[in-house]
Amino acid sequence: MKNLLFTLCLGLYCLSSLAQNDLPSIDLKTLDGKAIAIEDATNKDGITIISLWATWCVPCLKELDAINDIYEEWQEETNVKLIAVSVDDSRTVKRVKSMVNGKDWDYTILLDTNNDLKRALNASSIPLTVLVKDNKIVYEHSGYSPGAEMELYKKIKELSK
């Protein structure tokens with residue numbers, strides 16, 4: 001009986017860990033207020049970076065700015081796409097559009113004002129950077145320190161092969 005229970009528990013654990021690799025099926029909003037499924041926004045021909053950020057999160061802004069400086073080169077070399085998902089709530093979401101325009105980021109910007117994606121990814125803090133390939137989460141990193149974008153790029157090149 002103990003072996004059966006152990007086998008069942010192990011099977012459930014394996015299934016739950018496999019399910020965590022799938023990109024959650026969540027609808028987000030564009031800056032224009034249109035609904036879009038996150039999987040429809042991802043790069044079908046390569047790697048997608050999904051970066052959870054907020055206007056009030058200084059490390060988030062530093063990470064997105066650092067990537068922006070070299071993003072064009074990354075795209076040319078690996079065909080990577082970045083989706084910056086703002087987790088600003090209803091009180092601060094008004095700042096997103098003007099901040100993005102001021103930054104001149106060439107990213108797809110989506111809004112997760114209800115934190116549905118953040119919860120589905122079990123993100124306890126931001127910035128959270130996730131790499132997605134074929135709608136599977138293949139890498140995840142939380143936090144930012146200067147130079148972390150180069151480690152991220154190494155991972156992107158590795159996964160692009």
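The link between cysteine 57 and cysteine 60 is right-handed, with 75° about the S-S bond. The model is predicted. In it, the sulfur atoms of this disulfide lie 2.2 Å apart. A search of the whole structure finds 1 disulfide. Both partners are buried. Cysteine 57 has 4% relative accessibility, and therefore falls under the 20% cut-off. Cysteine 60, at 1%, is buried because the same limit applies.

Cys60 also belongs to helix H3, which spans residues 58-78. This helix bends by about 55° at isoleucine 70. Ile70 is itself buried. Other buried positions in H3 include Leu61, Leu64, Ile67, Tyr71 and Trp74. Residues three or four places apart on an α-helix point the same way, because each turn takes 3.6 residues. The buried residues of H3 pack against three strands, S3 (47-53), S4 (81-86) and S6 (128-133). They also pack against helices H4 (94-103) and H6 (148-160). Asparagine 79 follows the helix, with a positive phi near 60°.

The largest nonpolar core holds 45 residues. Within this core, Ile38 and Leu52 touch the most other members. At least two core residues come from each of H2 (38-41), S3, H3, S4, H4, S5 (108-111), S6 and H6. H3 gives the most, with 7 residues. Beyond its neighbours within four places in sequence, isoleucine 38 contacts Leu23, Pro24, Ile26 and Leu28, among others. Further along the chain, its contacts include Ile50, Ile83, Val85, Leu110 and Leu117.

Key: Residues numbered from 1 in each chain as written. Predicted model: local features only at pLDDT ≥ 70, side-chain atom pairs only at ≥ 80, totals over all residues. Heavy atoms only, no water. Bend = angle between axes of the 7 residues up to and from the residue. Helix = DSSP H or I, 4+ residues; strand = E, 2+ residues; numbered from the N terminus. Buried < 20%, exposed > 50% of the residue type's maximum accessible area, 1.4 Å probe, protein only. Contact = heavy atoms within 4.5 Å. Core = buried A, V, L, I, M, F, W, Y, C linked by side-chain atoms within 4.5 Å. Disulfide = S-S within 2.5 Å.
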